[in-house]
Amino acid sequence: MLILRDLDYLGILKEARRLSQTKRRRSLRLAILGDCATQQFVPMLRVLFGREDYDVEIYEGNFDAIELEVLNPESGIYQFGPDIVIVLNSVQSLRDKFYERKTSSEEFQSAAISRITRTWDLLLSKHRPVILQSNFVAPFERIFGNYDQKIASSFTSIVSHLNSRIAAEARKRSSVFVNDVEALASWVGRKSWFDERMWSIAKSFCALDHLPLVSQNIVDIAMANLGKGVKCVVLDLDNTLWGGVVGDDGPHGVQIGPHGDGEPFYRLQGFLKELKNRGIILAVCSKNEHANAVLPFQENSGMILKLEDISVFVANWENKPDNIKKIAKTLNIGLDSMAFLDDNRFEREAVRTFIPEVIVPELPEDPADYVKALSELNLFETNSFSTEDAQRPELYRQEADRRIAESSAGSFEEFLQSLDMTIEVGRFTAEQLGRIAQLIQRSNQFNLTTQRHNQAQCEAMMNNVGGCLPLTASLKDRFGDHGLISIVIARIDRQSATLVLSDWLMSCRVLSRGVEEFLMNYAIEQAKGLRLETVVAVYIPTAKNAMVKEFYARFGFDKIAVHPDGKSEWMLKVEDYQPRKVFIRSEAPEAHLMESQGQRT
Amino acid sequence: MNDVQDRLADTIRDVFDDPALQINRATTAADVEGWDSLTHINLIVAVEKEFRVRFTTAEVTSLKNVGDLIDAVGRKLG
């Protein structure tokens with residue numbers, strides 16, 4: 001898979017020896033011609049094409065015999081009949097010819113380019129193979145120093161000119177593609193790229209460690225020609241497309257723009273906008289209120305991407321794998337032509353688990369590195385471009401201009417199970433008070449009553465052992481420790497045998513994992529233990545907490561009152577509660593919370 | 001020096017993918033199946049990685065047996 005891109009040279013050699021002999025789904029005939037060594041590429045290409053589920057049969061031309069191979073109508077390459085011809089021209093071999101030149105630099109240059117184009121045209125006149133022509137890596141020998149650039153006849157200038165000519169000639173021939181080896185060399189750095197011992201001993205045009213990268217580049221171009229490629233990028237919003245959380249920070253509070261903390265996101269948006277202009281469809285898949293999620297696109301002037309750049313916009317609280325399937329269906333494209341960008345490891349893992357076809361790159365922790373990491377994966381290879389391509393996203397947007405309906409999760413439960421989540425629930429403790437007050441101040445979206453208790457008030461609740469049940473929940477999963485992520489405060493009214501849920505809030509980072517179900521089960525258990533008969537609860541609407549408007553209805557509470565300001569009251573008989581299924585294990589002892597204040601293990 | 005020999009033997013077994021390979025100072029390329037000029041440079045790359053050393057071009061081409069390789073590595077490690 002592209003995403004793994006395990007490109008360790010010795011590792012691939014080992015993999016090549018163990019390559020399964022069972023037939024793969026598809027096969028491909030490759031020919032390699034080079035003025036440098038080509039044998040080392042054979043195991044690389046077998047492994048890397050194998051990862052794409054292709055068997056390859058490889059024809060190797062003789063060393064430094066490109067012209068002999070193509071000029072002779074009886075040569076093996078024509079009998080072989082390749083689908084793809086890989087032509088490798090090395091700057092080292094060109095250098096030898098340059099040192100031995102007996103003609104002017106101009107003649108040297110035009111002879112070099114015509115050798116290359118003649119090779120293509122001969123190959124194309126026999127069969128119609130796809131030709132992957134390497135360009136030349138810029139030489140490190142600078143005879144004039146920087147002044148090389150000022151001298152048209154310097155070797156540096158000749159190589160740079162030849163590369164332009166190769167590109168220009170390839171543009172004239174639809175089945176010739178440039179294998180941009182120069183880009184690879186400058187990416188890894190030419191100091192590391194060139195191992196001239198390997199040229200002396202084995203005529204390898206680069207250090208052996210970089211051969212997998214060249215081979216993967218060849219595979220990437222070939223796969224684009226075989227119809228594989230990313231057509232659509234599905235984007236998360238908060239902390240992926242902008243910094244911060246729009247539901248909390250507001251459309252003008254999120255970080256986006258050419259300066260400051262928003263710059264990395266601004267740069268990603270610029271990159272995505274270019275992809276969109278090229279015909280890659282952009283879609284949004286975000287856990288947010290739809291009304292909030294669109295606001296930065298409409299109102300924040302730092303945004304490069306506008307709503308019309310997004311072909312399908314999905315913002316809801318459903319799980320992402322289901323939403324991505326819906327996006328694929330709406331656009332009528334294959335899941336294997338989609339890439340998904342999300343800063344959240346949980347979401348990436350969920351998508352990988354449920355829709356393994358979707359390409360899910362690891363995003364680095366630092367947003368400043370997002371574009372670099374994506375570029376390294378070379379996800380957006382193509383074999384054609386036309387003006388119709390550029391219009392595609394807009395057409396798709398018009399077609400998909402309908403809201404995506406809700407649907408239920410299927411085997412999402414299995415996924416939750418695989419997360420190996422553990423939760424620790426207990427009364428407020430003194431050490432937690434700082435974090436508790438902070439979460440109470442900051443939570444906007446998943447917050448039923450949005451009452452901003454300060455630390456002293458929290459401390460008072462902690463100490464009110466008989467009358468108050470102030471709970472925190474901390475979550476861990478196999479990815480790590482999420483810390484304290486939810487707070488539930490209940491008051492105990494013994495006279496009416498009622499538990500009053502006065503506060504319920506949770507960090508949106510842990511949505512749809514069953515934390516709220518776990519806590520509701522827990523709260524009702526506590527009510528039973530205290531011999532309480534009813535639970536009452538309140539929802540107070542704010543500009544930001546619409547997502548939990550029906551929270552208590554989900555658990556079977558009846559709405560018993562609605563006030564003119566929108567505040568609603570809810571009630572449930574303890575004996576009527578049906579415990580919810582959860583996939584989180586408890587880490588702390590649950591009993592005796594009322595008796596032993598603040599004690600947790 | 002024994003340590004170098006052991007690590008080198010492991011590297012050679014790994015490169016030629018033969019855990020049972022018997023290696024001593026006198027072992028030459030001819031004694032090992034698959035040890036040709038092509039795999040020789042793969043072995044050199046593996047040894048360079050294992051010991052964090054760098055051979056000269058002349059060393060790569062002049063090593064006649066495993067003993068030479070051990071000595072070359074030993075010289076570089078000082």
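Author: Two residues are in contact if their C-beta atoms, placed from the backbone, lie within 7 Å. Keep in mind, too, that this is a predicted model.

Reader: Okay, so how many residues does each chain bring to the contact between chain A and chain B?

Author: Let's take the two sides in turn. Chain A puts in 12 residues, and the count for chain B is nine residues.

Reader: And which element gives the most to the side of chain B that touches chain A?

Author: Two elements of chain B give two or more residues to that side: helix H3 (57-62) and helix H2 (37-51). By class, the side holds five nonpolar, three polar and one charged residues. The top giver, with five residues, is H2(B).

Reader: Over in chain A, is Leu48(A) buried or exposed?

Author: Leu48(A) sits in helix H2 (residues 41-51) of chain A. Leaving aside neighbours within four places in sequence, Leu48(A) is in contact with Ser215(A), Gln216(A) and Val219(A). A residue needs 20 or more other C-beta atoms within 10 Å to count as buried. Leu48(A) has 27 such neighbours, so it is buried.

Reader: What about the largest nonpolar core: which domains of chain A does it lie between?

Author: That core has 104 residues, and Val233(A), Val234(A), Ala283(A), Met338(A) and Val515(A) touch the most other members. Helix H22 (residues 515-529) of chain A gives the most to this core, with eight residues. Two domains both give residues to this core, so it lies between domain 2 (232-414) and domain 3 (420-586).

Reader: Which residues is Val234(A) in contact with, leaving aside its neighbours within four places in sequence?

Author: Val234(A) is one of the residues that touch the most other members of the largest core. With its neighbours within four places set aside, its contacts are Ala283(A), Cys285(A), Ile324(A), Ile327(A), Met338(A) and Phe340(A).

Reader: There's an open sheet in chain A as well. Which are its edge strands?

Author: Four strands make up this sheet, in the order S8-S7-S6-S9, with parallel pairing. An edge strand pairs on one side only, and that holds for strand S8 (310-316) and strand S9 (338-341) of chain A.

Reader: How many bridges join strand S7 and S8(A)?

Author: Strand S7 covers residues 281-287 of chain A. Along this pairing, Ser286(A) stands opposite Ala315(A) in S8(A). S7 and S8(A) run in the parallel sense, and their bridges number six.

Reader: Last one: which helix packs on that sheet?

Author: The helix in question touches strand S6 (232-235), S7, S8 and S9 of chain A. Its direction makes about 150° with that of S8(A). Covering residues 320-331 of chain A, this is helix H15.

Note on methods: Residues are numbered from 1 along each chain as its sequence is written. Chains are lettered from A and ligands numbered from 1 in the order in which they are written. This is a predicted model: local features need pLDDT of at least 70, side-chain atom pairs count only at pLDDT 80 or more; totals for chains, interfaces and linings use all residues. A residue is buried if 20 or more other C-beta atoms lie within 10 Å of its own, exposed if 12 or fewer, and partly exposed in between; C-beta atoms are placed from the backbone. Ala, Val, Leu, Ile, Met, Phe, Trp, Tyr, Cys and Pro count as nonpolar, Asp, Glu, Lys and Arg as charged, and the others, Gly among them, as polar. A nonpolar core is a set of buried Ala, Val, Leu, Ile, Met, Phe, Trp, Tyr and Cys residues joined through C-beta atoms within 7 Å. Domain bounds come from an automatic or database domain assignment. Two strands pair if DSSP finds at least two bridges between them. Axes are lines fitted to C-alpha atoms, for helices over the stretch in contact, and angles run from 0 to 180 degrees between N-to-C directions.
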